[in-house]
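Notebook open, viewer open. I'm jotting things down as I look them up.

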Amino acid sequence: MSAGTTLLTELETIGSPLLWAVTLAGLALLLGLDFTLTRRPHEVRMGEALGWSIFYLALPLVFGVFVWQAFGSGVAMEFFTGYVVEKSLSVDNLFVFMLLLTAFAVPAELAQRVLLYGIIGALVLRAIFIALGAAVLQSGTWAFLLFGGILIVTAGKILKEALSGKEQEVDIASMRTIRLLRRFMPVTDDYRGSQVIVREGGRRALTPLALAIVAVFATDIVFAVDSVPAVYGVTEDPFLVFATNAFALLGLRALYFVLQGVLAKLRHLNHGLGIILAFIGVKLVLHWAHGIWTWVPEIPTTLSLAVIVAVLLTVTATSVFANRRSLSVQDRR
């Protein structure tokens, strides 16, 4: 029976019931801690954000070492590569979150609560997409061709927008979810602390905070469509796909405040993300083709990690150079 058949196949996974239970319990504990920290709205200072960012960057390193020791270097390499992919995509999430928070004029002390809801929404959506992706992969290797096609098309759109030179914008008025909410419920003119629903004039009304949370949640759906196939291009293990997504998303709230002043300066980030998604898309297509024609080469995980890191370093360097050049031109004027 060839690898290209469409019969059901079992996906190999390191996710034992115990490992899933411990991972989900740890995730629930960390999210509970985040809720406790954001219960009392306050403006996040750089020292606080930096400390939590370091903590959340250390967690996947520790987990990766555990995976290396328990399951071998190959599985660990898949985890680290998937994490780098997801973290780079999550930075793009942050930029869109920044635009949304600005568009809704979210007070600085409430920003972390909006981000936390956005992260929880992203985790739920990605868990659903991961389960769907696993089901599709079990139906046959044609799924790799499907995922590869999705990523290549997405990469084309991202690169087209990036090369157009237009700044990324968020049009709240065009969001269907926001228009729908405004049609069915009134919205207060001002924020009411961390409340999302209040009573006004004898009726229940939404606050602008509720609209901001819904808008962030709506953008999560778009990002889930891209990120889940991308990490499935690195590993077919649903547990590793979930773990990389969870670790990449957990530290976003704190990382937002660290990178807030830097995000807008990463002008070539979308160029890099487009290249990375296209590369992984090609990798998936080659993997599908290799299952039918064994002479078709596959891209190893170590090479994937090297390419992804090289692209991220390159676009960071070119962004810094472009920013310095712009400042130099302004100074001359």
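Where is Met-185 found? I checked, and Met-185 sits in the loop between helix H6 (176–184) and strand E1 (197–200). Note to self before going on: this is a predicted model.

**Entry: Met-185**

I looked up its exposure next. Met-185 comes out as partly exposed, with a relative accessible area of 25%. Then I asked what it touches, not counting residues up to four places away in sequence: Arg-204, Ala-205 and Leu-206. For Ala-205 I also pulled the C-alpha distance to Met-185, and got 6.0 Å for a pair 20 residues apart along the chain.

**Entry: the whole chain**

Stepping back, I read off the elements. The protein chain has 11 helices and two strands. In order from the N terminus I get α-α-α-α-α-α-β-β-α-α-α-α-α, with the two β entries sitting side by side in that string.

How much of the chain is buried? Of the 333 residues, 46% are buried. The accessible surface is about 17,000 Å², and carbon and sulfur atoms hold 66% of that. I also looked at contact order: among contacts with a separation of 6 or more, 79% are between residues 24 or more positions apart.

**Entry: helix H3**

I picked H3, residues 73–103, and checked its span. It has 31 residues and runs 45 Å from its first C-alpha to its last, close to the 45 Å expected at 1.5 Å a residue. Burial count: 23 of the 31 residues are buried, so H3 is largely enclosed by the rest of the structure. Past the end of the helix I noted Ala-105, which follows H3 and has a positive phi near 50 degrees.

I took one residue from the helix. Ser-90 is found in H3, and at 1% relative accessibility Ser-90 counts as buried. Leaving aside neighbours within four places in sequence, its contacts are Ala-248 and Leu-252.

**Entry: the salt bridge**

How many salt bridges does the structure hold? I found one. The side chains of Arg-126 and Glu-86 make it, at 3.1 Å from N to O. Arg-126 lies in helix H4 (residues 111–138) and Glu-86 in helix H3, so the pair ties together parts that are 40 residues apart in sequence.

Are the two partners buried or exposed? I looked, and both Arg-126 and Glu-86 are buried. The general background I scribbled beside this: side chains of opposite charge can pair when their charged atoms come close.

**Entry: nonpolar cores**

The largest nonpolar core has 77 residues, and the members touching the most other members are Phe-104, Val-106, Val-114, Tyr-232 and Ile-280. Helix H7 (residues 208–232) gives the most to this core, with 12 residues. There is another core apart from it, of 13 residues, including Val-75, Ala-243, Phe-247 and Ala-248. Ala-248 was already on my list as a contact of Ser-90.

I then followed Ile-280. Without its neighbours within four places in sequence, Ile-280 is in contact with Val-85, Leu-151, Ala-230, Gly-233 and Ile-308.

General reminder in the margin: in soluble globular proteins, nonpolar side chains tend to be buried together.

**Entry: Ala-155**

Which helix holds Ala-155? It is H5, residues 142–164. Ala-155 is buried, with a relative accessible area of 1%. Its contacts, leaving aside neighbours within four places in sequence, are Gly-274, Leu-277 and Ala-278. I checked a distance in that stretch too: the C-alpha atoms of Ala-155 and Ile-275 are separated by 6.7 Å, with their positions 120 residues apart along the chain.

**Entry: out at the surface**

I looked for a nonpolar surface patch and got one of about 290 Å², made by Met-46, Leu-50 and Ile-54. Met-46 is found in helix H2 (residues 46–71), and its relative accessible area of 45% makes Met-46 partly exposed. For the spacing I wrote down the general rule that an α-helix has 3.6 residues a turn, so residues three or four places apart point the same way.

Last lookup was Ala-310, in helix H11 (residues 301–332). Ala-310 is partly exposed, at 38% relative accessible area. Its C-alpha is separated by 9.7 Å from that of Gly-272, 38 residues apart along the chain.

Methods
Residues numbered from 1 in each chain as written. Predicted model: local features only at pLDDT ≥ 70, side-chain atom pairs only at ≥ 80, totals over all residues. Heavy atoms only, no water. Helix = DSSP H or I, 4+ residues; strand = E, 2+ residues; numbered from the N terminus. Expected span 1.5 Å × (residues − 1). Buried < 20%, exposed > 50% of the residue type's maximum accessible area, 1.4 Å probe, protein only. Contact = heavy atoms within 4.5 Å. Areas by Shrake-Rupley, 256 points an atom, 1.4 Å probe, with all protein chains shown as cover. Core = buried A, V, L, I, M, F, W, Y, C linked by side-chain atoms within 4.5 Å. Patch = residues over 30% accessible without salt bridge, like charges linked within 9 Å, V, L, I, M, F, W, Y side chains within 5 Å. Salt bridge = Lys/Arg side-chain N within 4 Å of Asp/Glu carboxyl O.
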